[in-house]
Amino acid sequence: MKSKSFFGIFVAMATVPLVLAYLVLKMGWYTPAATNKGEFLQKEVVVKIKTETPMWSIVYQPQTQQCDSFCEEQLYGLNQTYLALGKLQKRVNAWVLTDSLPLNNYPATKTYSANNTDLSGGYIYVIDPMGKVILRYQGSADRDNTIKTSKDILSDLKKLLNYARMG
């Protein structure tokens, strides 16, 4: 084989896969697989929660100071999600970002008096040990949707904890 034809075949073998990969991505023929069930935040939001050791957090920020049925469902979901973590509970905290709500019915949750204006009310958030908000989950006033959301949070949190080196 001549050196010119060898070089031409070599260049073609190197460029054809790159061109095909570029076309697949640009034409939308490939949809990336995402296994997360929550919604990633588009902008960076940091919530500093002071703990002895860096830990993952599940956080709910109520929309108002009074707790209506929607708020009660979110507190129920937050409490049940934390309890369902089982042995992973030692790596996660469940917080409600208010100090005005009594949490007697939800023993797994703790209050933290920090109201972050970057967080929308009505969502449950997952926060990494460095304080960055990663995922959010839409709240619901319906018990069945609350249970589904809790299962989604649990699924995503277990994946995060499995791969986390910190917290």
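In what order do the elements of the protein run from the N terminus on? They go α-β-β-α-β-β-β-β-α, and the legends below take that chain view by view.

**View 1. The whole chain, with three helices and six strands.** This is a predicted model, in which local features need pLDDT of at least 70 and side-chain atom pairs count only at pLDDT 80 or more, while totals for chains, interfaces and linings use all residues. Residues are numbered from 1 along each chain as its sequence is written, and side-chain values use heavy atoms, with hydrogens and water left out. Helices (H or I, at least four residues) and strands (E, at least two) are DSSP runs, numbered from the N terminus. Along the principal axes, the C-alpha atoms fill a box of roughly 85 × 35 × 30 Å. The radius of gyration of the protein is 23 Å, whereas a compact globule of 167 residues would have one near 15 Å. That radius is taken over C-alpha atoms, and the globule rule is 2.2 Å times the number of residues to the power 0.38.

**View 2. Surface and inside of the protein.** Buried residues come to 38% of the 167 in the protein. Here buried means under 20% relative accessible area, exposed means over 50%, and partly exposed is what lies in between (1.4 Å probe, protein chains only). About 10700 Å² is exposed, and carbon and sulfur atoms supply 57% of it. These areas come from the Shrake-Rupley method with a 1.4 Å probe; for residues, only the protein chains shown count as cover. Now for contacts, meaning heavy atoms within 4.5 Å: of those with a separation of 6 or more, 68% are between residues 24 or more positions apart.

**View 3. Arg-136 and Glu-39, a salt bridge between two strands.** The structure holds four salt bridges, each being a side-chain nitrogen of Lys or Arg within 4 Å of a carboxyl oxygen of Asp or Glu. In the one shown here, the closest N and O atoms of Arg-136 and Glu-39 are 3.3 Å apart. Arg-136 sits in strand S6 (residues 133-138) and Glu-39 in strand S1 (residues 39-40), so the pair links distant parts of the chain, 97 residues apart. Glu-39 is partly exposed, at 39% relative accessible area.

**View 4. Asp-118 and Lys-43, a salt bridge between two loops.** The N to O distance is 3.8 Å in this pair. Asp-118 belongs to the loop between strand S4 (110-111) and strand S5 (123-127), and Lys-43 to the loop between S1 and strand S2 (56-60), 75 residues apart. Asp-118 is partly exposed, with a relative accessible area of 41%, while Lys-43 is exposed, at 52%.

**View 5. Arg-143 and Glu-73, a salt bridge between two helices.** Here the N to O distance is 2.8 Å. Arg-143 lies in helix H3 (residues 143-163) and Glu-73 in helix H2 (residues 69-84), and 70 residues separate them along the chain. How covered are the two partners? Arg-143 is partly exposed, with a relative accessible area of 37%, but Glu-73 is buried, at 8%.

**View 6. Phe-40 and its contacts from strand S1.** Is Phe-40 buried or partly exposed? Phe-40 counts as partly exposed, at 45% relative accessibility. Leaving aside residues up to four places away in sequence, Phe-40 touches Ile-134 and Leu-135. Ala-141 is 101 residues from Phe-40 in sequence and 22 Å from it in space, C-alpha to C-alpha.
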